[in-house]
Structures are given as structure tokens and as C-alpha cells.
Amino acid sequence: MNTKTIDIQERIIVALDVDNPEAAKEMVKRCESQTRYFKVGLQLFMASYFEVVDWIIDRGHKVMLDLKFFDIPETVKLAVQQVNSRGVSLATIHGNDAIIRAAMEARGDLQLLAVTVLTSFGEEDLRAMGMTQSVEDLVLFRARRALKLGCDGVVSSGLEAERLRKDLGDKLLIVTPGIRPGSNVSDGTDDQKRIMTAGRAIATGADHVVVGRPITKAEDPAGVIETMQQNIIAAMSNPL
Ligand code: C5P
């Protein structure tokens, strides 16, 4: 666990993985009694560009812009420049040292997170790409490098959050997707392989969790968020 003080209403970042701005706004309205942090990813951004981002920020909420920039350093730098003065709180980038360095030059007040290894990747996927490291070692290697280059934090699964926190300290911001209520083991029913409950992820080291389908596909999204927040509070007061 880490020592940052983060309001419970900002611990869960709701992934607005919907295909149009109207559906996104509807989802924000259904969730905002419980949380004030929302993630806009590729699908929604392609449908509305900054319209929905500005709308969420104007409503007083925070936005994580998850476009996972990856290109030559100059292009990534110019892309970050397009985002850095719009009130977005967090943005995600991929890449090697030169790409991260270029992004850092343009970030202004924007906090940047380096993606380590996607939570839909398992050990077998790394082997299939000819990589011999374990997922955990690769996540740690990439996170250490990102931190050294001045990145504010990383995106990693809950399975690596504990080791990242222990090895890299409190300053690093850890944002964890792949959250499933009530389960720390994937049942293979969707694309996420390295999963964990919200409470366990936060109690073992994550600062925020990103949750999409368990909330957005629920009958009562605010109710699911509230249950997850109780799970977080309980896990934090009684770490495993
Ligand atoms: O629906 P689910 O809870 O699996 O959604 C997870 C969200 O987190 C998606 O928007 C996905 O793009 C994002 N994400 C992820 N793994 C990463 C980075 C982001 O699943 N490493």
C-alpha cells in the first residue's frame, strides 16, 4: 500500500467504452453520484474528439485520456501538445525512451502514464512474440524506465502493483485496469487475463482502478461503484 491520500470518489475511474457522446454523457450522469473520474478511450474519442472530454471536465469531473500514443518521438510530442492545455488529468503513452522523453517535453500540467503490458496479455502472449521475460519482470523493467524518464506513473495490472509499489516507491502513480468484482482469477469469459478485485488492487499498491464493463453493462452502475468502493475501504483498512 502507498501513502497518497486520494478521495474514495476518485479511486475508481469509469471507462466510458461506448460508441457515441450521448451514451457517454448518459453513463456519466448515472455514475456521478458515486465517482468523479472518467476514462475516454479510443472508441469514444473517435466518435466525438474533444467534445465529450470538454463536457466531462466542464461538469467538474476528471478525465483520463487513454489514447496510448505511440509513434515517432516528434509526432508523440505534438500529440501530447494537443492535450496538455485542455484540463485533462491523465493521458497514456507507449514507447521507448525517446518517445517517452519527447512526450515529457510537451506535457505541461498533464500527468503522463506509460502503458507497461496490456492487461489482456498473459505469459503465453509474450512467448508467442518471442519474449522470454515474465510479464512481471517486463512490467517492472518498463515502469522503472518510465519513472527514470520523469513519467508520473504507469498502467499495470493488479498482479504487478504490489511489486511495483515495493520496488519503485510511493511517488509512482499506479493505475490498474483488469478489475473484476469478486474475482482475482480470470474465468476466461472476456479478453482480460490479468485480473483482480478493486479492493485488492488498491490495498496492494494501485492508486486508481479503471473499470469498464462491470460498471457500464450493469443495471445499476452507481450501485456497482458503491459496492466496489466499500470493497476498497474494507481492503485498505484490513490489508491482505
Ligand atoms: O471493461 P474493462 O473493465 O475490461 O475495461 C478496461 C478498460 O481499461 C478498457 O477501456 C481498456 O482499454 C483499458 N485498459 C486495459 N489495459 C491496459 C490499459 C487500459 O484494459 N493496460
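Me: Which atom of Gly212 lies 2.8 Å from an oxygen atom of the ligand, backbone or side chain?
Reply: In this predicted model, the atom of Gly212 that lies 2.8 Å from a ligand oxygen is a backbone N or O atom.

Me: How much of the ligand's accessible area does the protein cover?
Reply: On its own the ligand has 470 Å² of accessible area, and the protein covers 88% of that.

Me: And which elements give two or more residues to the shell around the ligand?
Reply: Two strands and a helix do this, namely strand E3, which spans 62–69, strand E8, which spans 208–211, and helix H10, which spans 213–216.

Me: How many residues surround the ligand, and which are the closest?
Reply: There are 16 residues around the ligand, and the closest of them are Asp17, Thr119, Arg180, Gly212 and Arg213.

Me: What's the mix of classes in that shell?
Reply: Sorted by class, the shell around the ligand holds 7 nonpolar residues, 3 polar residues and 6 charged residues.

Me: Back to Asp17, then: how far is its side chain from an oxygen atom of the ligand?
Reply: An N or O atom in the side chain of Asp17 is 2.7 Å from an oxygen atom of the ligand. Lys39 also has a side-chain N or O atom beside a ligand oxygen, and there the separation is 2.8 Å.

Me: New topic, helices. At what angle do H7 and H8 cross?
Reply: Helix H7, made of residues 135–148, and helix H8, made of residues 158–168, cross at roughly 45 degrees, and their axes come within 10 Å. The angle makes H7 oblique to H8, and H7 passes H8 in a right-handed crossing.

Me: What about H4 and H5, how far apart are their axes?
Reply: The axes of helix H4 (residues 73–83) and helix H5 (residues 97–105) are 8 Å apart, and the two helices pack at an angle of about 30 degrees.

Me: Why is H4 called roughly parallel to H5?
Reply: Angles under 35 degrees count as roughly parallel, and therefore the angle between these helices makes H4 roughly parallel to H5. As for handedness, H4 passes H5 in a right-handed crossing.

Me: One last pair: where in the chain are H1 and H3, and at what angle do they cross?
Reply: Helix H1 covers residues 21–31 and helix H3 covers residues 50–58; their axes come within 10 Å and cross at roughly 20 degrees. That makes H1 roughly parallel to H3.

Me: Is that crossing of H1 and H3 left-handed or right-handed?
Reply: H1 passes H3 in a right-handed crossing.

Note on methods. Residues numbered from 1 in each chain as written. Predicted model: local features only at pLDDT ≥ 70, side-chain atom pairs only at ≥ 80, totals over all residues. Heavy atoms only, no water. Near = heavy atom within 4 Å. Polar contact = N/O pair within 3.5 Å; in protein donor to acceptor, adjacent residues only side chain to side chain. Areas by Shrake-Rupley, 256 points an atom, 1.4 Å probe, with all protein chains shown as cover. Helix = DSSP H or I, 4+ residues; strand = E, 2+ residues; numbered from the N terminus. Nonpolar A, V, L, I, M, F, W, Y, C, P; charged D, E, K, R; others polar. Axes fitted to C-alpha atoms, helices over the stretch in contact; angles between N-to-C directions. Parallel < 35°, antiparallel > 145°, perpendicular 65-115°, else oblique. Left-handed = near helix turned anticlockwise from the far one by under 90°.
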